[in-house]
Amino acid sequence: MSLLIDDIGELVTNDETGAGPLGILRDAAVVTDGERIAWIGPAARAPQADTRIDAAGAAVLPGFVDSHAHLVFAGDRAAEFAARMAGEAYTGGGIRTTVAATRAATDDELLRAAGRLVAEARRQGTTTVEIKSGYGLTVADEARSLRIAGQLTGETTFLGAHVVPAGADPDEYVDLVRGPMLDACAPYAKWVDVFCDRGAFDGAQARAVLEAGAKRGLGVRVHANQLAAGPGVRLAVELGAASADHCTHLTPADVDALAGSATVATLLPGAEFSTRSSYPDARPLLDAGVRVALATDCNPGSSYTSSMPFCIALAVREMRMTPAEAVFAATAGGALALRRDDVGRLRPGAKADLTVLDAPSYLHLAYRPGVPLIRTVLHNGVPQC
Ligand SMILES: [Zn+2]
């Protein structure tokens, strides 16, 4: 089954064949064949297809790649958010509230809740989403979180080292995570991650978990330098991590380390928004040539948004990214952070994952914040809405 999308006013390809950093083509068309893109070029030369979508002059982008989300959980923490907005500080300790609710939920309840969030993200243009465990914190609850995540995405991440569970000894817990818990979770995970930060896991504990995960064949990603400067980013670079996530508190040495590496700096402005914290400045990273991704960090405690357009708007307004840099980071950047070359760019052979905006340009994603600008989402070549 082939599909022609024509009369595209502005096509963001993120590919070298187009103009500028976003590889833009004007008056363009895209033809998909099944799950893949078959042809891209000028609308006037577009081949025939079985069905047709008229973009009516609108902008078309690759589907967003949300490379950092925590979607398997139960309950919400709206009251904690309200207390924070009334002046209480964010410490990360609220994770334990979600752990208790998640352990008490059935598999079915967790799958339905996570599925609802994936559908919500899809309506906002997200076609690839990474999902972490980390609200189970027992061998059985972490393994079932990953089994559930695996029903929704191929990008599953074992985050047993999210927080030390209430009452546990930190070093004994690290031994559990890198031993029996990893054994139970590795078959369902593509990645391993650790919350390496003040009040969470220190550099030595994070290294022990990440090295054990890597030895089992899992790719490495790290929650690093969100709450304070520390060893997370440099550990991520040293271990060849695909991504160091948050990067809110960076030293010049952290920026240098990232610039000389293949590790992507994934910025999560929803977390700063929802914890009323200072945003990282993306400028030193971008100017040093660091590869940057944007993601939602969707989770019930510190960033309960599934909206990549919202994160793009925040990145432009608060982190000194240009609209083009933010859109690239939310698409091709997220793909780099997941080491994927079949998503985040539109070119023949790539997955037919794209969004048609209700706007003439990608600029509107930052220029018109909070407005539902996603008209149509194509996922695996199938129109979603
Ligand atoms: Zn996170």
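This note walks through a zinc site, two helix pairs and one residue of helix α5 in a predicted model.

1. Some ground rules to begin. Local features are described here where pLDDT is at least 70, side-chain atom pairs count only at pLDDT 80 or more, and totals for chains, interfaces and linings use all residues. Residues are numbered from 1 along each chain as its sequence is written, and side-chain values use heavy atoms, leaving out hydrogens and water.

2. A good place to start looking is the zinc ion. Its protein donors are H68 (NE2), H70 (NE2), H223 (NE2) and D297 (OD), at 2.0 to 2.4 Å. Donors are N, O and S atoms within 2.8 Å of the metal (3.2 Å for Na, K and Ca); water is not among the atoms, so sites may look incomplete.

3. Angles among the four donor atoms run from 84 to 168°, and the site is irregular. That word covers anything that fails these tests: four donors are tetrahedral if all angles lie between 85 and 135 degrees, while four are square planar and six octahedral if opposite donors are over 155 degrees apart and all others between 65 and 115.

4. Along the sequence, the donor spacing reads H-x1-H-x152-H-x73-D. H70, in the loop between β6 (64-66) and α1 (78-85), and D297, in the loop between β14 (292-294) and α11 (308-318), link distant parts of the chain, 227 residues apart. Helices (H or I, at least four residues) and strands (E, at least two) are DSSP runs, numbered from the N terminus.

5. Are these two donors buried or exposed? H70 is buried, at 2% relative accessible area, and D297 is buried as well, at 3%. Buried means under 20% relative accessible area, exposed over 50%, and partly exposed in between (1.4 Å probe, protein chains only).

6. Now to the helices. α4 (residues 139-150) packs against α5 (residues 170-185) at about 45°, with axes 9 Å apart. Axes are lines fitted to C-alpha atoms, for helices over the stretch in contact, and angles run from 0 to 180 degrees between N-to-C directions.

7. α3 (residues 107-123) also meets α4: their axes come within 10 Å and cross at roughly 45°. D107, L110 and L111 of α3 make the contact with R144, R147 and I148 of α4. Contact means heavy atoms within 4.5 Å.

8. Finally, find V177 in helix α5. V177 is buried, with 1% relative accessibility. Leaving aside residues up to four places away in sequence, V177 touches F158, G160, A161, L182 and V209.
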